[in-house]
Amino acid sequence: KTILLGIAEASPYLFDLVRADGARTIRMLECEPEPYLAQLIERTSREVLAAPSEADVMQRLRRTKSEAALLIALCDIGGVWPVMRVTKALTDLAVTSVQSALRFLLQQEAVRGKLSPPNPDRPEDGSGLIVLAMGKMGAGELNFSSDIDLIVFFDAAASTLAPDIEPQPFFVRVTQGLSRILQQRSADGYVFRV
């Protein structure tokens, strides 16, 4: 009760999350946070890969961010997790968000015949696209207000691309899509600023 009062007084964002789904908040207060977060991340990865559209991916990732942010904040404020576990949880969320969005985009390109991934369930593996996290994300130290700094490289000789596809415009378009999915504001907010 004290935690919820503190959230109501100090964090309009978190209080809106509490009010949006009271049953979810109660589940979080009664759960074991480690498995709850692990299941949320795993479910999100599956749902994003199976999503029918980019709009569905954006909505799923934003809702996951909200749910995870509330869980992590409750663990932080309630003293359940030390600060290093809090920053790792936020970083894990960012990694999952980036990987899931990238996986979806590359899967869509495979459906269009522009990419032939060796493993359709993990089209990013061996795709020729390399995404490196820098700054706080790269160090595993994201906080609640962090943006994410990414450096993206591509292999100009990627063997997974269809023969008629130019690597530079293809990978630039995928990277722009990744950024759009993560940071474009919608009714559900955004996932991370990129």
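**Exercise 1. Work out how α2 and α5 are arranged relative to each other.**

Start with the verdict: α2 and α5 are roughly perpendicular to each other, because their axes cross at about 110° and angles of 65 to 115 degrees count as roughly perpendicular (under 35 is roughly parallel, over 145 roughly antiparallel, the rest oblique). Before going on, note that this is a predicted model, where local features need pLDDT of at least 70, side-chain atom pairs count only at pLDDT 80 or more, and totals for chains, interfaces and linings use all residues. Residues are numbered from 1 along each chain as its sequence is written, and side-chain values use heavy atoms, with hydrogens and water left out.

- Step 1: the axes of α2 and α5 are 10 Å apart. Axes are lines fitted to C-alpha atoms, for helices over the stretch in contact, with angles from 0 to 180 degrees between N-to-C directions. Helices are DSSP runs (H or I, at least four residues), as are strands (E, at least two), numbered from the N terminus.
- Step 2: the crossing is left-handed, i.e. the near helix is turned anticlockwise from the far one by less than a right angle (clockwise would be right-handed).
- Step 3: from α2, Tyr13, Leu14, Leu17 and Val18 meet Ser66, Ala69, Leu70, Ala73 and Ile77 of α5, where contact means heavy atoms within 4.5 Å.
- Step 4: sorted by class, these contact residues are eight nonpolar, one polar and no charged. Ala, Val, Leu, Ile, Met, Phe, Trp, Tyr, Cys and Pro count as nonpolar, Asp, Glu, Lys and Arg as charged, and the others, Gly among them, as polar.

**Exercise 2. Find out how α6 packs against α5 and against α4.**

- Step 1: take α5 and α6, whose axes come within 10 Å and cross at roughly 170°. The two helices are therefore roughly antiparallel.
- Step 2: list the contact. On the α5 side it includes Leu61, Lys65 and Ile72, and on the α6 side Leu93, Ala101 and Phe104 are among the partners. By class, that contact has eleven nonpolar, three polar and three charged residues.
- Step 3: turn to α4 (residues 33-49), which packs on α6 at about 15° with the axes 8 Å apart. α4 and α6 are therefore roughly parallel, and the crossing is right-handed.
- Step 4: in this contact, α4 residues including Leu37, Ile41 and Val48 meet α6 residues including Ala89, Leu93 and Phe104. The tally is eight nonpolar, four polar and four charged.

**Exercise 3. Describe the largest pocket and what lines it.**

- Step 1: get the volume, about 470 Å³. On a 1 Å grid over the protein atoms alone, a pocket is an open set of points with protein on both sides within 12 Å along at least five of seven lines (a cavity is a set where a 1.4 Å probe fits but cannot get out), and lining residues have an atom within 4 Å of a point. Grid points are joined across faces, edges and corners, and a volume is the space filled by probe spheres set on the points.
- Step 2: of its 27 lining residues, Tyr13, Leu17, Lys65, Ser66 and Ala69 are the closest to the centre.
- Step 3: α2 (12-20) and α5 (54-77) each supply at least two lining residues, and α5 gives the most, with ten.
- Step 4: by class, the lining has twelve nonpolar, five polar and ten charged residues.
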